[in-house]
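Dear colleague,

I am passing on a structure for you to look through, and below it I have set out what was found in it.

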Amino acid sequence: MTDLAPPRPVGDAPIGYDPAVVERRWQAHWDAEGTNSPDLARGENPFYALMMFPYPSAEGLHVGNLFAFTGSDIYGRFQRLQGHTTFEPIGYDAFGIHSENFAIKQGLHPGELIPRNIDNFRRQLQRVGLMIDWTHELSTTDPSYYKWTQWVFLQLYKQGLAYKKKAAVNWCPLDKTVLANEQVIAGACERCGTMVEQRFLEQWFFRITDYANRLLTNLDGLDWSESTKTAQRNWIGKSEGAEVVFPIQDVMLYGGSAMASAGASGEVVANALEVRVFTTRPDTLFGATYLVLSPEHPLVSIIAGDEQRDDVAAYVAHAAKQDLVTRKTTKEKSGVFTGAYATNPATGDAIPVWIADYVLLEYGTGAIMGVPAHDERDFEFAQKFDLTITRVIASPEHTADLPLGDAAFTETAGCRLVNSGRFNGLTVDEGRTAIVTELSARHAATPVVNYRLHDWCISRQRYWGPPIPIVYCDACGTVPVPESQLPVLLPMIDDFRPDDSGVSPLARHAEWYHTACPQCGGPARRETDVSDTFLDSSWYFLRYPSSRRADVPFSDTITKKWLPVASYIGGNEHAVLHLLYSRFVTMVLHDAGLLAFEEPFRRFRAHGMIVRDGAKMSKSKGNVVNPDLYIDEWGADTFRTYLMFLGPFEEGGDFRDQGISGVKRFLDRLWRSVHDARADGALEVDVQRKLHQTIKKVGDDISRLSYNTAIAAMMEYMNTMRSGERRPHVDEVRPLVQLVSPFAPHIAEELWSVLGNTRSVFDSRWPTYDEALTVENRITMAVQVNGKTRGTVSLAKDATQGDAMTAAMADPHITKFVTGQPRKVVFVPGRMLNIVL
RNA sequence: GCUCGGGUGGUGGAACUGGUAGACACGCAGGUCUCAGAAGCCUGUGCCUUCACCGGCGUGGGGGUUCAAGUCCCCCCUCGAGCACCA
């Protein structure tokens, strides 16, 4: 046991509260006693409080991290006080391009840089007093961790969910490297300014699209922030519609190979070239006056007419040269006619087939039907190239031949079909169904659901990540590395910079690259790509409780006991990627029979952002707050509590140092109240009532993460309890120490021991309140005349309308507004009285 | 452009299901204590008018519903975040 005696007043400090001393003492005490390391095997009533692990940057923790961690810590500590065994782990998400680029800039190896950053993070995390179980700390860069990241890859591979295909990526021809979309600024490389190109490279993908519908429908049952669920729904982007078949007319077939498409039964139908398009508006089919294929569409070279061949080829080449970002953001329409015509299956008309880069190969079928009258993009395109525009939807005020004017008509509510043959007069919804039904009978359409979600590209042609555990053998082909041979260690090489070749730097290391085939023992080559950091973080919560097990990624019994995660708190910037990938990986492991649950996070809450003077903190703006300086000056307890007091936790707030002194004063008063407390005499009724109200409110508020109002409530109680320089009774102060403890854990422990307790305040139980004692027996009721508040009356808590009326009419300030006989009186018991004249 | 959040005193922010708008805190002003200060403690503090009482006006703007609107409905302005030619 460390020394529990209260510190003597230091120097001139009149009250003896020295945060630095108190905080150091209790951090050492927690460490020595293992206060924050629960017995995971035996602890009762488990509660897994998870915070998103940080990326250990060179700058150290920023206030945003601290804000998030403190919010999560308060919730975890509160749950512990409710009688749970709380597990609060931390780790570092330390692989990735960020670290690698930074290391390159500093001329250092990420392998030396990262441990240094982690040491600094650990130091900072320790001094804010989080209830972290340090015995389960992890880093994704540790071979004992990424061994199992590779294992996760293998599980997906085994399920047929990992595959390799060529995909378009941004390529900087000067830096000779692949760029993420965020690294392309206005079509140019963010580092060297060179125009970026599109390249096709072989990449590993996970088939997350197979899980799209499940990822979407499960959301309904999750206790998550609505904003996060909405973001996921939008990201998955389900759209229901139909695929419609447009036969190509009179094609000149080149080279005889014309690849007539294969029907469902496998027989080759001669001369049956056709374009399939996806649409969410089959009701507008009669208005489809042209088709547009994406420039990469396989039919393009086949259907292009002799005269158009050169133009088409030039356009395709132009599109290929564009980078992905510019292509998707340039709204100016461009395109060329292919020379081919297709038949609109509804009207039988011949319509021209164009190609344009506003149609993307990766979405739907890579081809669209152009309905210029009712789609903005198509309208723009048709105007530019002078294509036919036919109205097929009309609102009740429109006639069938009313011209469109200068914009597409995209409304649907209350509208009906026109110029659509026998479908005229149907509503949009009816038309949608009727047209698809009829075309389906002729095999010209199929109802289809499409998702915006793409498969997850996990390949990175970089160095700083876990090597993808695959080997290529001339004899056996693609061979997964057997689990017994994991981890595939990332070699510590000096020249880890990306180079001219466009493949990972690992390819340059023959001794690593060449290996023996695990199947036949023959010569083989290793996969040189490493995996995406999002794979590292997609399963880390499974590892924490079992982090000391070398033989399995996660123990069955421990996992059954501790997961799914009871509370997960993090930033909404991870609403889609990290949180979606974690759900996906969990589902896959569930389907493989390795996990009993399919959703990893029972409850998720997104915290807000801390800004400074209304702007996001950034080095370039020079408004970054260094938490160390604030902790030095005010102490961790004050800083934590202040961060929580600045605004609603789920909304964030504006950091300004002016307000921090108010919180410090509050803790000073708490300190003094405990030291001055008397043990004799009785409790005051008003103080006691306020106490019970406060216990109730603080508990309710913490449960809803309304930390700012919880703190305000404690301050109110303090004002009541210590009004003037009133000496409070110990029984009035003791519960306040407990209420404060999740926010300001060090001072709470200190004062708890001053109050004579020998065990941690976090092993005490949250104080209980008596509902009966929270009730006020007299109430102040507002009295309105014609809806305007004209005064108040003081009444017994169960006063009737009659009592209220009598009291109101006795007050001349009120009666002077009552100039006639009341027409009506509205009485809300306990709240207000409204006299209507 | 679309989606999701916001807009309340000098400032950060309260206000649960419509029911005394401005809790709590900062700041400011005055007082008390002190040789003086710091710290504490007490009082006041939305705006306009007034010596004061009284009164009027007030939650981005404009309409509406209601005995009653920061809260509900419609239109508009504005700030932040995310997504973005997704057919």
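The notes that follow cover the RNA strand first and the cysteines afterwards.

This is a predicted model, in which local features need pLDDT of at least 70 and side-chain atom pairs count only at pLDDT 80 or more, while totals for chains, interfaces and linings use all residues. Residues are numbered from 1 along each chain as its sequence is written, chains are lettered from A and ligands numbered from 1 in the order in which they are written, and side-chain values use heavy atoms, with hydrogens and water left out.

Around RNA strand B there are 56 residues, of which Thr280, Lys328, Lys333, Arg377 and Arg665 come nearest; a residue counts as near if one of its heavy atoms lies within 4 Å of the strand. Of the strand B atoms within 4 Å of the protein, 65% belong to sugar or phosphate, and the rest belong to bases. A backbone N or O atom of threonine 280 lies 2.5 Å from a sugar or linking oxygen of RNA strand B, whereas in tyrosine 363 a side-chain N or O atom is 2.8 Å from a phosphate oxygen of that strand.

As for the cysteines, the structure holds zero disulfides, a disulfide being a pair of cysteine sulfur atoms within 2.5 Å. The sulfur of cysteine 473 has its closest cysteine sulfur in cysteine 520, and the 3.6 Å between them is too far for a bond. Cysteine 473 is also buried, with a relative accessible area of 6% (buried means under 20%, exposed over 50% and partly exposed in between, with a 1.4 Å probe and protein chains only).

With best wishes

Conventions. A polar contact is a pair of N or O atoms within 3.5 Å; within protein, one must be able to donate a hydrogen and the other to accept it, and residues adjacent in sequence count only if both atoms are side-chain atoms.
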